Amino acid sequence: MKRIGVTGHRNIPAEAYAHIRGAIAAVLHGQGGSMEALSSLAVGADQLFAVLALDHGAELTVVIPSGDYEDDFEDPAELDGYRRLKDRATLEVRMAYPHSTDEAYYAAGTYIADNCDRLLAVWDGRPARGPGGTGDIVRYARERGKPVTVIWCEGVERA
């Protein structure tokens, strides 16, 4: 079974969305065989990846950073999307952090990087805005020799 993890931005600019969606789908389609998809199901790249992976027949492993992770979802529709995807997961892994902190997010991201065969990064190439952000997880994975596929739409700036 091939294991593909995701790290990525929560805010995907509208002008980049179709490109990013298509690029993720192409990577997943090219895998063939059985797949396990690892995601923390944050809004944006994580949820988009999870939806597409499930559409491609992957088993979903959800990596939950903290006990109060659901409190991070301010929009009820986004929380509902998280819960729907979490309910479809084959496996749920919980980090041992009671509260959502940068340390908890970093732990979840490194868990995903450590437990996948390839990391997909929906990433604009810029440094992380806080500890545990996409740039930090990409650097962590690369330092360990993990294959990383970066997906972004050239010329588009993240808000």
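# Exercises on helix packing and buried residues

In helix H2, 9 of the 11 residues are buried, so this helix is largely enclosed by the rest of the structure. The model used in these exercises is a predicted one.

## Exercise 1: the surroundings of H2

Work out which residues of H2 are buried and which elements they pack against.

Solution. Start with the residues themselves: Ala45, Asp46, Gln47, Leu48, Phe49, Ala50, Leu52, Ala53 and Leu54 are the buried residues of H2. Next, look for what lies against them, which turns out to be strand E1 (2-8), H1, E2, E3, helix H3 (76-87) and E5. Finally, follow the chain just past the end of H2, where Gly57 has a positive phi of about 85 degrees.

## Exercise 2: H1 from end to end

Check whether the span of helix H1 agrees or disagrees with its number of residues, and then find what covers its buried residues.

Solution. Helix H1 covers residues 14-29, and because 1.5 Å is allowed for each residue, its 16 residues should span 22 Å. The C-alpha atoms at its ends are 23 Å apart, which agrees with that expectation. The second step is to list the buried residues of H1, namely Ala16, Ile20, Ala23, Ile24, Ala25, Val27 and Leu28. Their cover includes strand E2 (35-39), helix H2 (45-55), strand E5 (118-122) and strand E6 (148-151).

## Exercise 3: how H1 meets H2

Describe the packing of H1 and H2 by angle and axis distance, and say which residues make the contact.

Solution. Two packed helices are described by the angle between their axes and the distance between the axes. For H1 and H2 the angle is about 45 degrees and the axes are 10 Å apart. That angle makes H1 oblique to H2. The handedness comes next, and H1 passes H2 in a right-handed crossing. On the H1 side the contact is made by Tyr17, Ile20, Arg21, Ile24, Ala25 and Leu28, while H2 contributes Leu48, Phe49, Leu52 and Ala53. Sorted by class, the residues of this contact are 9 nonpolar, no polar and 1 charged.

## Exercise 4: Leu28 in its place

Decide whether Leu28 is buried or exposed, and name the residues that it touches.

Solution. Leu28 is found in helix H1. Its relative accessibility is 2%, and therefore Leu28 counts as buried. Leaving aside residues up to four places away in sequence, Leu28 touches Met35, Phe49, Leu52, Ala53 and His56. A further step relates Leu28 to Gly57, which is 29 residues apart from Leu28 along the chain, with 9.7 Å between their C-alpha atoms.

## Exercise 5: two more helix pairs

Give the axis distance, crossing angle and handedness for H2 with H3 and for H4 with H5.

Solution. Take H2 and H3 to begin with: their axes come within 11 Å and cross at roughly 35 degrees, and the crossing is left-handed. Gln47, Ala50, Val51 and Leu54 of H2 meet Glu78, Gly81, Tyr82 and Leu85 of H3 in this contact, which by class has 5 nonpolar, 2 polar and 1 charged residues.

Turn then to H4 and H5, whose axes come within 10 Å and cross at roughly 35 degrees, in a crossing that is right-handed. Here Tyr106, Gly109, Thr110, Ala113 and Asp114 of H4 are in contact with Asp136, Ile137, Tyr140 and Ala141 of H5, and these residues divide into 5 nonpolar, 2 polar and 2 charged. Helix H5 (residues 134-143) is itself mostly covered, with 7 of its 10 residues buried, and its cover includes E1, helix H4 (102-114), E5 and E6.

## Exercise 6: Leu41 and Leu60

Find where Leu41 and Leu60 lie, and state for Leu41 and for Leu60 whether the residue is buried or exposed.

Solution. Leu41 is found in the loop between E2 and H2, and at 0% relative accessibility Leu41 counts as buried. Most residues other than glycine have a negative phi. The phi of Leu41, however, is positive, near 60 degrees. Leu60 lies in strand E3 (residues 59-64), and it too is buried, with a relative accessible area of 0%. Among the residues that Leu60 touches are Leu41, Ala50, Leu54 and Leu85. Leu85 is 25 residues apart from Leu60 along the chain, and their C-alpha atoms are separated by 8.6 Å.

How values were computed:
Residues are numbered from 1 along each chain as its sequence is written. This is a predicted model: local features need pLDDT of at least 70, side-chain atom pairs count only at pLDDT 80 or more; totals for chains, interfaces and linings use all residues. Side-chain values use heavy atoms; hydrogens and water are left out. Helices (H or I, at least four residues) and strands (E, at least two) are DSSP runs, numbered from the N terminus. Buried means under 20% relative accessible area, exposed over 50%, partly exposed in between (1.4 Å probe, protein chains only). Contact means heavy atoms within 4.5 Å. The expected span of a helix is 1.5 Å times one less than its number of residues. Axes are lines fitted to C-alpha atoms, for helices over the stretch in contact, and angles run from 0 to 180 degrees between N-to-C directions. Angles under 35 degrees count as roughly parallel, over 145 as roughly antiparallel, 65 to 115 as roughly perpendicular and the rest as oblique. A crossing is left-handed if the near helix is turned anticlockwise from the far one by less than a right angle, and right-handed if clockwise. Ala, Val, Leu, Ile, Met, Phe, Trp, Tyr, Cys and Pro count as nonpolar, Asp, Glu, Lys and Arg as charged, and the others, Gly among them, as polar.
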